[in-house]
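Me: I would like to go through the labels used for this model and see what each one rests on. Please set the values against the definitions.

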Amino acid sequence: AFNAAAVARTSLHTSLRTSRPSRLFDLRLYELSQPEDLTAVDEEMDGPVAQSADAWLNLWFPVMFSEGVPEEGLVAATIFERPLVIFRDRNTSTIQVLADQCPHRLAPLSDGRLAVDDVTGETRVECSYHGWQFSGCGRCTKLPQIESSKPILPLYDARAYPVVESQGIVYVFIGDKARAESVAVPSVPEL
């Protein structure tokens, strides 16, 4: 026999159980982030939680060694549960980093391939799902499903992260892009 009340209780219990950790995490984050040294870092933001919650993101994080980024391939990486795709531009040999999510259907871009623009020679990441292509700055440069005469809106762009190679290490800035230039890239002292 179907018991609608039991199903509703189970659904409610499941939703409470799954939503509870995020609320607890937010409270713990607020409690842990009250020291003045953390809130002082981010004075322009609104509210104590916003001030400190993003402050720790506004740093350069090491992702991998530069030599680990292949000339012709994509590398998946993760920083604080943020999936990234890393690749090297064929023309300039510079390393580029995008969020590892196609904005269309959230397919991992790291499952795709590198493509080269026939005219500019620019390296692009091509999504394996529908063939959307993204430049190193995140700009969507090709949508096979629309006519070439129509403009591609910025709404379709992927998120790009500032990246720096220093001392053979790839560093990514996952915080506010506007602050990337004002934050020093860590350096390891020579032995």
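Reply: A salt bridge here is a side-chain nitrogen of Lys or Arg within 4 Å of a carboxyl oxygen of Asp or Glu. This is a predicted model, in which local features need pLDDT of at least 70 and side-chain atom pairs count only at pLDDT 80 or more, while totals for chains, interfaces and linings use all residues. Residues are numbered from 1 along each chain as its sequence is written, and side-chain values use heavy atoms, with hydrogens and water left out.

Me: What makes E71 and R88 a salt bridge?

Reply: The closest N and O atoms of E71 and R88 are 3.7 Å apart, and the rule asks for within 4 Å, so the pair qualifies. The pair links distant parts of the chain, 17 residues apart: E71 lies in the loop between β1 (60–65) and β2 (75–79), and R88 in strand β3 (residues 82–88). Strands are DSSP runs of E with at least two residues, numbered from the N terminus.

Me: Why is R88 called buried or exposed?

Reply: Buried means under 20% relative accessible area, exposed over 50%, and partly exposed in between (1.4 Å probe, protein chains only). R88 has 9% relative accessibility, so R88 counts as buried. E71, at 45%, is partly exposed.

Me: How do you know that E126 and R113 form a salt bridge?

Reply: Their closest N and O atoms are 3.1 Å apart. This pair also links distant parts of the chain, with E126 in strand β6 (residues 123–126) and R113 in strand β5 (residues 113–116), 13 residues apart. E126 is buried because its relative accessibility is 14%, whereas R113, at 47%, is partly exposed.

Me: What makes R179 and D176 count as well?

Reply: The closest N and O atoms of R179 and D176 are 3.8 Å apart, which the salt-bridge rule accepts. R179 has a relative accessible area of 18% and is therefore buried; D176, at 39%, is partly exposed. By this rule the count comes to 6 salt bridges.

Me: Why are β1 and β10 said to stand at the edges of their sheet?

Reply: The sheet is open, has 3 strands in the order β1-β11-β10, and its pairing is antiparallel. β1 and β10 (163–166) each have a single partner strand, so one side of each is left without a neighbour in the sheet.

Me: How do you know that β10 and β11 pair?

Reply: Two strands pair if DSSP finds at least two bridges between them. β10 and strand β11 (residues 169–173) have 4 bridges, in the antiparallel sense. V164 stands opposite Y171 in β11.
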